[in-house]
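Trainee: I would like to go through this chain with you, helix pairs and sheets included. Please show me the model.

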Amino acid sequence: MTKIRKVLLLPFLIAVLIATPILTGAGTASAAEAPGVKDLVILQNVPEIDLEAENGELQLTALHVYEDGHFKKSADQTWSSSNQTVAVVDAAGKVTVTGKPGKTWVEVTDGTYSDRIAIQTKPDPDARESKGKPPVKVTVVKETGDRYNLVDNAIGQMTMEEKVGQMLMPDFRNWKGKNVTEMLPEIERLVKDYHLGGVILFRENVVTTEQTTRLADAYQAASEKYGMFLTIDQEGGIVTRLQSGTDMPGNMALGATGSEDLAYDTGRVIGEELASLGINFNLAPVLDVNNNPDNPVIGVRSFGEDPELVASLGTAYVQGLQDTGTAATAKHFPGHGDTAVDSHLGLPEVPYDKERLMEVELYPFQQAMNHGIDAIMTAHVTFPKIDDTKVISKKDGTEIHLPATLSHKVLTGLMREEMGYDGLIFTDALNMQAIADHFGPVDAVIKAIQAGTDIVLMPVGLETVANGVYDAVRSGEISEERIEASVERILKLKLERGILKEENPQPVEEKIANALEVVGSDEHKAVERAVAERSVTLVKNEDVLPLAPNTDDQIIVVGNTYIDDLYNAVKAKHANTVLIKASAPLTEAQLAQVRDAKAVIAGTVTSTVSQRSATSPQMRMVNQLITETETPVIGVGIRNPYDIMAYPNTDAYLAQYSFRTASFKATASILFGEVAPTGTLPITIPGADGGVLYGFGHGLTY
């Protein structure tokens, strides 16, 4: 009798399963009615896409493929798992492995087209726990076939103009004299007419979290076929574009902490905030080795002077950034750190041979390549020992070396062939004078593409440049194969990073609500504070710190640039604090006020050699305080740690590396002993005689 009951139970279970389908999705699957749809594929079946399960979960994405080869994220599909004892899949394509060994097919359908991918789980003996069954090892088995060659199939049907458009990345900082903070019809028309693959945003474009999210959303809506790269220079520190959110202290501050964990968290925080806003590509971090104190353009944008330090913190930052899905860019290849000329204003030269460059300048870039950096930006710097090609300047007819940005030997020979890099190559901005002065707008772009660049950043005159490149391709000056090689890399990265047009985009109000929760969150601010407090470096202390004033003791803060921020941070710790705002030697009345104070804190800000000179007004003022008063003088290098070179006889000196709010607060906490200083110099501070005033790694504490 028992046997009979078991036999009768089987058809009953089958009937229940039929009545309760395992399909999950937005109701019953319907046919793909969108005009031009010819297929539905799972993105993770595309050969260029790597996929691993994390914590037993993996996210699948369904794409509709259109007759003309372009693809979009599908809006209407249904997911199912053939073996739910192995894995289940929800309506959004998120697969969760149950932990039991076996195999399942995860299928997606729109009612007309379908695709599937296999999930196989086996016991993982390497991860055996002390009790119970071992965890399972998850393997994703892709389907194969021409239908998954999305990039090749798309390129095969793109017009030449569409291909070139993917490589152009202009800025729309201003329009008719006004900052562009919302999509304008004229800009939308340019995006469509020139099939732009991306744009770069600047501080003028990104004012508030809500406004920035709307602008990013509008740019993606303006793109007709492919998602757009929305890029920004959100390095942290002195190069921070977002006007709302978390203000990280910057790379040299991270260098002073020496912490890979904080570097990773910095990249992660920046990436999470950008991603929530809809900005998918960060033109950061700087991997230049800043071994020249006179460098006017890199300075505190670098992690420091040691290639190993720059490489370790740089790769950690990149990992944090890319783990959020935000693309990262290492810049400025082959290295802008050992220059004394700003390439925004002139054409610098790095005179070293390849052996030296491999050991110093190129080392961090090689490590970033080895760790899967998405993109590398070139430097408008000449490297005559790598490429001694001479060209005639259009500025004055003189003979100059070809800058790295335009050099086939540097971009293709060195970067691609010798160093093995296969990611995206960006030019630095082509409107910078190092390029703009010496090359015509069209000629510069043609040379950059011929050299091997993939993304032409900020070309001078979009229409003129685009038509110039079209003509160069038609004439054979640039081969279409050269263009297609770049477009292949561009589309591949867009697929990898999920930068896709969507048939049913998330409503912008939902994006804004999410961004408001993410940007400037308490957790992000905690990372900002940690970096600031662990970076500020106590370089000198003649027993004057920490300060312990009585209530009626007066503290004076003196300086000019960013001095209000330093004053406010100090006053928050000691109410009886007075500000003297000055950038020139003080009056006798001001000196008398200083002589009556418990201590004077002098804040200095420099970015050039002339500002750091002992004869500059602010440095004369600090030295006046030292020589004409008995009051302890505490110098604070607000931006550059090198400022003490101009006033070495100060009683104490703190290197802050950043003019961001968190760094001022950290300095104040250290001044009054609430936080013990732990930062160490990531650079060497030279002495006036050419020796060493304070060495790399130096740092005091209490």
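The questions below go through helix packing, sheets, backbone outliers and annotated domains.

Trainee: What kind of model is this, and what pLDDT do local features need?
Mentor: This is a predicted model, in which side-chain atom pairs count only at pLDDT 80 or more, totals for chains, interfaces and linings use all residues, and local features need pLDDT of at least 70. Residues are numbered from 1 along each chain as its sequence is written, and side-chain values use heavy atoms, with hydrogens and water left out. The pLDDT needed for local features is at least 70.

Trainee: How are α2 and α15 oriented to each other?
Mentor: Helices and strands here are DSSP runs numbered from the N terminus (helices H or I, at least four residues; strands E, at least two). Helix α2 (residues 150-157) packs on helix α15 (residues 480-496) at about 135 degrees, with the axes 10 Å apart. Axes are lines fitted to C-alpha atoms, for helices over the stretch in contact, and angles run from 0 to 180 degrees between N-to-C directions. Under 35 degrees counts as roughly parallel, over 145 as roughly antiparallel, 65 to 115 as roughly perpendicular and the rest as oblique, so α2 and α15 are oblique.

Trainee: Which hand does the crossing of α2 and α15 have?
Mentor: A crossing is left-handed if the near helix is turned anticlockwise from the far one by less than a right angle, and right-handed if clockwise. For α2 and α15 the crossing is right-handed.

Trainee: How many charged residues are in the contact of α2 with α15?
Mentor: Contact means heavy atoms within 4.5 Å. On α2 the contact uses L150, V151, D152, A154 and I155; on α15 it uses E484, V487, E488, L491, K492 and L495. Ala, Val, Leu, Ile, Met, Phe, Trp, Tyr, Cys and Pro count as nonpolar, Asp, Glu, Lys and Arg as charged, and the others, Gly among them, as polar. The contact has seven nonpolar residues, no polar ones, and the charged ones number four.

Trainee: Which residues of α14 meet α3?
Mentor: The axes of α3 (residues 160-167) and α14 (residues 462-475) come within 10 Å and cross at roughly 125 degrees. That angle makes α3 oblique to α14. M160, E161 and V164 are the α3 side. The α14 side is V469, Y470, V473 and R474.

Trainee: Is α7 roughly parallel or roughly antiparallel to α16?
Mentor: α7 (residues 260-277) and α16 (residues 508-518) pack with axes 8 Å apart, at about 160 degrees. α7 passes α16 in a left-handed crossing. E272, E273, S276 and L277 of α7 meet K511, N514, A515 and V518 of α16. The angle makes the pair roughly antiparallel.

Trainee: Which strands stand at the edges of the sheet β3-β8-β7?
Mentor: Two strands pair if DSSP finds at least two bridges between them. This open sheet of three strands has antiparallel pairing, with a twist that averages 20 degrees from one strand to the next. Each edge strand has a single partner, so one side of each is left without a neighbour in the sheet; the edges are β3 (57-59) and β7 (87-89).

Trainee: What residue of β8 stands opposite V88?
Mentor: β7 and β8 (residues 94-97) pair in the antiparallel sense over three bridges. Opposite V88 stands T96.

Trainee: Which strands are the edges of the six-stranded sheet?
Mentor: The order is β24-β29-β28-β27-β25-β26, open, with mixed pairing. β25 and β26 run parallel, joined by five bridges. Each edge strand pairs on one side only: β24 and β26 (577-581).

Trainee: Which helix lies across β27, β28 and β29?
Mentor: The helix covers residues 661-671 and runs at about 150 degrees to β29. The helix is α22.

Trainee: Which peptide bond to a proline is cis?
Mentor: P285 sits in the loop between β17 (281-282) and α8 (307-322). Omega is near 10 degrees for the bond from A284 to P285.

Trainee: Where does H332 lie?
Mentor: A cis peptide bond, with omega about 10 degrees, joins K331 and H332. H332 lies in strand β18 (residues 329-333).

Trainee: What strand content does the span of residues 72-113 have?
Mentor: UniProt lists this span as "domain: BIG2" in an unreviewed entry. UniProt positions are in the numbering used here, feature names are shortened, and annotations may be inferred rather than shown by experiment. Helix content is 0% and strand content is 50%.
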